[in-house]
Structures are given as C-alpha cells and as structure tokens.
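Q: Please take a close look at the aromatic side chains of this model, and at how their rings are paired. I would also like to read about the backbone and the interior around them.

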Amino acid sequence: MNESKLKQSFTASLKILGQPSSSDYWSGLSADSRLMVIEDDYASGGLDMAGAGWLVKEFDADFSKASDVTLRFELLDEATQQFRISCQSPKSYAGKRLDTSRNGYLGFYGNTGDHVAWALKIISGQPGEGMVIQIADHKGNDVKHVDKGYVGTRGSNPAFSFEVKDYRVL
C-alpha cells in the first residue's frame, strides 16, 4: 500500500477502475468507466434523479442524460486525509457538496447543512502522476457500486478504486 498523503486541495475527475459490468438494463457499463452525474431523466417514473445530482458509472442508456463531473477536494485535515468534496462542474451542480442519501446513494444534495468529511486513501501513484485513490465517508463506509449504475456507500460490494484524472492544485 502507498503511504503517500495529499497535502493540498485540488480538483479532478475520476475514472472507476476494474468493476464488472452490470447484468441488467445498464449493460452498457464497462469495466473501467468515468464517474458521472445525472442531469436529466426522461423516464424515471416521477423520481427526480436529476434534481438530486446522483452519481453514476458511465453508461449507455437512452432514458437519462449524464455528464462528466469534475470534483473539488477541499483539504480539511492533512493528518487524517479528510476532505470536503463538492462539484466543480457541470455548472448545474457547481458548489453543491457531495453527501449520501438516507438510502446510501451519493449525490450533490446541497451546499449548506451538515459538514460531511470524506477520507481519501492513495492506493498507488502520486498526485498528478497516475494516482489511484479510494474514498470513504465519515463513518468509514467505502464508496462503491450500489445497484444498477448508481454509486453509494451501502451494501457489500467492494470499494471502488478511482484513477484521478485532470488533477489540478487549487
């Protein structure tokens, strides 16, 4: 395991590494896929997925529109590698903080309220040089595949490993 620590705030996009494809209607998922945010849902049965800014694995489906997401990682505590994570882009979610719904789904639920810290652990590489990380919430729950293409913290699936792309120091 890599003992490197992040020493500053940064922005980046994330690529989910090595997760198997889903066997359901999200069969367009690939083993390595970009982390995206739902921006519009055409046939969600009245559920406002777009309004919640749910995070999903990259997919090929004609019922929702998802966009690449750039995250802002604000360093809160270097010793414990705690960060506040918010959306840098797309603009429709800019500034909204990453949080977990009561059902364990990750999304951009707002920009005020409870302080949510996320722990980042470098698995390999260095900042800006092929860095791979894992992320856990303030309760120690790893970020992982929840169901279909959704990203969250509940369930027994293994933790996602994320390749950090477009790393930029703030």
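A: What follows begins with the aromatic pairs and then turns to the backbone and the interior. The model is a predicted one, and within it the count of aromatic pairs comes to 9. One of these is formed by Phe-10 and Phe-83, whose rings are arranged edge-to-face, with 5.9 Å from centre to centre and 75 degrees between the planes. Because Phe-10 belongs to strand S1 (residues 10-17) and Phe-83 to strand S6, this pair ties together parts that are 73 residues apart in sequence. Phe-10 is buried, with a relative accessible area of 0%, and Phe-83 likewise counts as buried at 0% relative accessibility. A further pair, Tyr-93 with Phe-108, is tilted, the centres being 6.1 Å apart and the planes 35 degrees from each other. This pair links distant parts of the chain, since Tyr-93 sits in the loop between S6 and S7 whereas Phe-108 is in strand S8 (residues 106-110), 15 residues apart. Both Tyr-93 and Phe-108 are buried. Ring pairs also join Phe-10 and Phe-83 with Phe-73 and Tyr-167 into a cluster.

The loop that holds Tyr-93 runs between strand S6 (82-89) and strand S7 (97-100), and Pro-90 is found there as well. The peptide bond joining Ser-89 and Pro-90 is cis, with omega at about 15 degrees, and this deserves notice because most peptide bonds are trans.

Two residues can be set beside that bond for their backbone angles, given that most residues other than glycine have a negative phi. Gln-81, which is not a glycine, has a positive phi of about 55 degrees; Gln-81 is placed in the loop between strand S5 (70-77) and S6, and is buried with a relative accessible area of 6%. Asp-166 also has a positive phi, near 55 degrees, but Asp-166 lies in strand S13 (residues 161-169) and is exposed, its relative accessible area being 54%.

As for the interior, the count comes to 1 cavity of 30 Å³ or more, and the largest cavity holds about 50 Å³ of space. The lining of the largest cavity consists of Leu-14, Leu-35, Leu-55, Leu-71, Leu-98, Leu-106, Ile-135, Val-143, Val-151 and Phe-162, which divide into 10 nonpolar residues, no polar and no charged.

Notes. Residues are numbered from 1 along each chain as its sequence is written. This is a predicted model: local features need pLDDT of at least 70, side-chain atom pairs count only at pLDDT 80 or more; totals for chains, interfaces and linings use all residues. Side-chain values use heavy atoms; hydrogens and water are left out. On a 1 Å grid over the protein atoms alone, a cavity is a set of points where a 1.4 Å probe fits but cannot get out, and a pocket is an open set with protein on both sides within 12 Å along at least five of seven lines; lining residues have an atom within 4 Å of a point. Grid points are joined across faces, edges and corners, and a volume is the space filled by probe spheres set on the points. Ala, Val, Leu, Ile, Met, Phe, Trp, Tyr, Cys and Pro count as nonpolar, Asp, Glu, Lys and Arg as charged, and the others, Gly among them, as polar. Helices (H or I, at least four residues) and strands (E, at least two) are DSSP runs, numbered from the N terminus. Buried means under 20% relative accessible area, exposed over 50%, partly exposed in between (1.4 Å probe, protein chains only). Rings of Phe, Tyr and Trp (its six-membered ring) pair if their centres lie within 6.5 Å; planes under 30 degrees apart count as stacked, over 60 as edge-to-face and the rest as tilted.
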